[in-house]
Amino acid sequence: MPSLERKISLYGLTMIAAGACIGSGIFRSPSETASYLPYNSWMLVAWIVGGLIMLTGALSIAELGGMFPQAGGVYVYLRKIYGDLAAFLYGWVSLTVIVSGALAAIALVFAGYVSSIHPLTEMEKTMLSISVLIILSIINIFGVKIGNLFATIITTTKLIGIFGVIIIGVFLGTQPLNFHFNLSDFHNPLHPDLGFFSAFGLASIGVFFSYGGFHHASYLAGEVKNPSKTLPRAMILGTLIVMTVYVLINIAYQKLLPIETIAKSDKVASDAVSQILSSGSTLIAILIIVSTFGTISIYSMSAPRIYFALAQDGLFFKNVAAIHPKFKTPVNAIAIQCIIACVILLFYKTFEEVINYIVFVDYLFMAMAIFGVIILRKKQPQLSRPYKTLGYPIVPLIFVAFTMFMLGVNIIQKPEIALSILVCLVVGFILFKVFRFKANN
């Protein structure tokens with residue numbers, strides 16, 4: 001049987017961790033944040049808090065990565081901590097909601113910005129989105145080294161472009177930054193019925209979506225050089241890079257546009273740069289095209305390792321564990337993810353329709369995995385831990401507590417999302433019983 005090959009370096013894995021986060025969210029989500037928190041100060045606080053929460057997540061999950069450096073990442077950790085059912089449900093929702101949904105959403109953004117340069121019909125945008133998913137899936141079938149090199153080049157390119165936007169905003173922007181922290185007179189004209197804490201929780205959806213992705217590095221642990229050390233370092237370094245970039249680019253947006261304009265803009269990056277450069281809209285469109293293209297490539301490479309691990313463990317269709325004899329990649333796992341993402345594209349036509357579901361279910365399982373750091377410290381203290389979570393147990397508890405706060409606000413404000421996710425989990429539970437029955441008979 002062919003096996004996965006360890007070819008990914010620390011720099012390459014760090015670029016995957018950062019590149020999986022920096023996709024389309026940072027070019028759209030600041031508008032959503034400003035619509036809920038229409039103050040320079042509170043908008044920046046939301047992005048700083050989001051970055052710190054993600055850092056607590058990275059510091060925590062890095063311990064698990066060092067302990068279990070196997071292909072599948074979060075899936076493996078959940079299986080070690082909670083057993084087969086929790087791991088299967090994570091793999092199931094990753095395939096049907098989290099990753100495939102994110103691929104569909106990001107592909108829609110990609111096609112939308114291509115259309116802003118060269119107008120396309122709705123059908124043409126859908127076909128372009130599907131074509132990109134297929135092409136990048138094929139590239140990642142050709143070998144993890146090629147996929148990693150491609151992801152590294154794209155991520156480096158988009159970081160250079162984003163720093164260009166930051167420089168333009170920070171040094172050439174003329175809007176004053178009015179910092180106002182008094183909660184007693186907090187008022188939101190776009191959402192007058194929301195209090196501060198509800199507004200902050202809803203604003204966090206876009207923030208968390210934009211920061212999400214550093215754990216994609218863990219899915220590739222089976223193909224990383226010296227994974228016990230490389231994986232924790234890459235996730236922490238990637239998160240620090242993303243946090244720095246996101247806080248700075250939000251300052252740049254605020255220096256270029258009034259907060260009211262940011263809240264109402266559906267193209268905040270383009271609108272901001274256009275204040276200084278007449279060709280700003282085109283330049284930002286190109287940057288977003290490159291950025292989303294790179295993120296699609298990373299997701300197409302990393303997440304199929306979850307389904308590969310599921311199948312290897314006998315919890316999914318056996319042929320999903322197939323490895324290409326020449327390229328040493330999980331070819332069937334990559335293909336099935338691509339197919340499901342394309343199907344989602346045919347039914348959902350807007351970015352906003354997808355991301356609320358992704359954030360809800362992704363962070364639910366992330367919180368479970370990170371709470372598992374505490375469970376394993378209690379139940380299996382003898383296990384080797386090449387890296388131990390800094391600030392344990394406070395750091396993992398911060399991530400879990402804030403995630404529960406965000407999910408709680410969303411259940412209250414948008415109960416239909418929680419209900420849909422519950423239905424998906426019930427279907428997953430039934431499938432788990434079917435696969436377990438087949439395995440035992």
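# Cavities, crossing helices and two unusual loop residues

Pro 393 sits in the loop that runs between α16 and α17, and in this predicted model the peptide bond leading from Tyr 392 into Pro 393 is cis, with an omega near 0°. A second loop residue can be looked at alongside it: Lys 328, placed in the loop between α14 (304–312) and α15 (331–347), has a positive phi of about 60°, although Lys 328 is not a glycine.

From the loops we can turn to the helices and the way they pack. Two packed helices are described by the angle between their axes and by the distance between those axes. For α1 and α13, the axes come within 8 Å and cross at roughly 120°. Why is α1 called oblique to α13? Angles of 65 to 115 degrees count as roughly perpendicular and those over 145 as roughly antiparallel, and an angle of roughly 120° falls in neither group, so α1 is oblique to α13. The crossing of these two helices, α1 and α13, is left-handed. On the side of α1, the residues that take part in the contact are Met 15, Ile 16, Gly 19 and Ala 20, and they meet Thr 295, Ile 298, Tyr 299 and Met 301 of α13. Sorted by class, the contact of α1 with α13 has six nonpolar and two polar residues, and no charged ones.

Another pair to follow is α5 with α18 (residues 415–440), which pack at an angle of about 120° with their axes 9 Å apart. The helices α5 and α18 are therefore oblique to each other, and α5 passes α18 in a right-handed crossing. Among the α5 residues in this contact are Asp 84, Phe 88, Trp 92 and Val 97, while the residues that α18 brings include Ile 421, Cys 424, Phe 432 and Arg 436. The residues of the contact of α5 with α18 divide into 14 nonpolar, two polar and two charged.

The next step is to ask about the space left between the atoms. Rolling a probe the size of a water molecule over the atoms shows where empty space is left. How many cavities of 30 Å³ or more does the structure hold? There are two cavities of that volume or more, and the largest cavity contains about 160 Å³ of space. Its lining is made of 22 residues, and those nearest the centre of the largest cavity are Ala 102, Phe 209, Gly 212, Gly 213 and Tyr 299. The elements that give two or more residues to this lining are α1 (10–21), α5 (84–117), α8 (196–211), α13 (280–302) and α16 (351–379). By class, the lining of the largest cavity has twelve nonpolar residues, nine polar residues and one charged residue. Tyr 299 links two parts of this account, since Tyr 299 is in the contact of α13 with α1 and is also among the residues nearest the centre of the largest cavity.

The second largest cavity has a volume of about 50 Å³, and the residues that line it are Ile 205, Asn 356, Val 359, Phe 360, Leu 407, Asn 410 and Ile 417. Both α16 and α17 (394–413) supply at least two residues of this lining, and the largest share, three residues, comes from α16. Five of the lining residues of the second largest cavity are nonpolar and two are polar, with no charged residues.

Conventions
Residues are numbered from 1 along each chain as its sequence is written. This is a predicted model: local features need pLDDT of at least 70, side-chain atom pairs count only at pLDDT 80 or more; totals for chains, interfaces and linings use all residues. Side-chain values use heavy atoms; hydrogens and water are left out. On a 1 Å grid over the protein atoms alone, a cavity is a set of points where a 1.4 Å probe fits but cannot get out, and a pocket is an open set with protein on both sides within 12 Å along at least five of seven lines; lining residues have an atom within 4 Å of a point. Grid points are joined across faces, edges and corners, and a volume is the space filled by probe spheres set on the points. Helices (H or I, at least four residues) and strands (E, at least two) are DSSP runs, numbered from the N terminus. Ala, Val, Leu, Ile, Met, Phe, Trp, Tyr, Cys and Pro count as nonpolar, Asp, Glu, Lys and Arg as charged, and the others, Gly among them, as polar. Axes are lines fitted to C-alpha atoms, for helices over the stretch in contact, and angles run from 0 to 180 degrees between N-to-C directions. Angles under 35 degrees count as roughly parallel, over 145 as roughly antiparallel, 65 to 115 as roughly perpendicular and the rest as oblique. A crossing is left-handed if the near helix is turned anticlockwise from the far one by less than a right angle, and right-handed if clockwise. Contact means heavy atoms within 4.5 Å.
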